[in-house]
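Let's take a friendly walk through this fold, from the whole chain down to single residues. Keep the viewer open as you read.

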Amino acid sequence: MVKHIILWQFKDELSDEKKTELKAEIKSGLEALKGVVPGLAEIHVRTDCLPSSNADMMLDCTMDDEDALKGYAVHPAHVKIKDDIIAPNVKSRVCIDYKI
């Protein structure tokens, strides 16, 4: 099994209202990938960060193996969300992948 963790910070110029909308849209879009992307065992998007956080959102995925992670990265359903919603609105992305 492989964990895939992402932390995002939204662009500074986005309003709080827009950030709230994006969080909901990203969460629903990414969590809908379970059962669509082969090898994606679990996927959770955390949007309820405490004020002490310096990230706006977190993605927490469990993949069957490294090949599943590679497939997730290029899967059209994932790429569409990443390219259309996430990338245009994010100023910072941090990733860590590790075996469990």
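Among contacts in the chain between residues at least 6 apart in sequence, what percentage join residues at least 24 apart? The figure is 67%. Please keep in mind that this is a predicted model.

## The overall layout

The chain is built from 3 helices and 4 strands. If you follow the sequence from its start, these elements come in the order β-α-β-β-α-α-β.

How does the radius of gyration fit with a compact globule? For 100 residues, such a globule would have a value near 13 Å, and the chain has 13 Å, so the two agree. Along the principal axes, the C-alpha trace spans about 35 × 25 × 20 Å.

## Surface and charge

Of the 100 residues in the chain, 36% are buried. The accessible surface amounts to about 5,900 Å², and carbon and sulfur atoms account for 53% of that area.

The chain carries 14 positive and 18 negative charges. If you take the mean position of each set, the two points lie 2 Å apart.

## How the strands pair

Strand β3 covers residues 57–63 and pairs with two partners that we can look at in turn. With strand β1 (residues 2–10), β3 forms 7 bridges in the antiparallel sense. Two facing pairs help you find this pairing on screen: His4 stands opposite Cys61 in β3, and Leu7 stands opposite Met58 in β3.

The other partner is strand β2 (residues 40–46), which also runs antiparallel to β3, here over 6 bridges. To locate this pairing, look for Leu40, which stands opposite Met63 in β3.

Strand β1 also pairs with strand β4 (residues 90–99). These two strands run antiparallel and are joined by 9 bridges. Ile6 marks a spot in this pairing, as it stands opposite Cys95 in β4.

## Covered strands

Why can β1 be called largely enclosed by the rest of the structure? Because 7 of its 9 residues are buried. Strand β3 is mostly covered too, with 6 of its 7 residues buried.

## A closer look at Met63

Met63 sits in strand β3. Is Met63 buried or exposed? Its relative accessibility is 0%, so Met63 counts as buried; the cut-off for that label is under 20%.

Leaving aside residues up to four places away in sequence, the residues that Met63 touches include Met1 and Val2. Gly39, Leu40 and Ala41 are also among the contacts of Met63, as are Ala68, Leu69 and Tyr72. Leu40 in this list is the residue that stands opposite Met63. Ile6 is 57 residues away from Met63 in sequence, and the C-alpha atoms of these two residues are 14 Å apart in space.

## Ser53, in a loop

For a contrasting setting, turn to Ser53, which lies in the loop between β2 and β3. How accessible is Ser53? Its relative accessibility is 38%, so Ser53 counts as partly exposed.

Tyr72, one of the contacts of Met63, is also a handy reference point for Ser53. Ser53 and Tyr72 are 19 residues apart in sequence, and their C-alpha atoms are 27 Å apart in space.

Technical notes. Residues are numbered from 1 along each chain as its sequence is written. This is a predicted model: local features need pLDDT of at least 70, side-chain atom pairs count only at pLDDT 80 or more; totals for chains, interfaces and linings use all residues. Side-chain values use heavy atoms; hydrogens and water are left out. The radius of gyration is taken over C-alpha atoms; the globule rule is 2.2 Å times the number of residues to the power 0.38. Buried means under 20% relative accessible area, exposed over 50%, partly exposed in between (1.4 Å probe, protein chains only). Contact means heavy atoms within 4.5 Å. Accessible areas come from the Shrake-Rupley method with a 1.4 Å probe; for residues, only the protein chains shown count as cover. Lys and Arg count as positive and Asp and Glu as negative; His and the chain ends are not counted. The place of a charge is taken as NZ of Lys, CZ of Arg, CG of Asp or CD of Glu. Two strands pair if DSSP finds at least two bridges between them.
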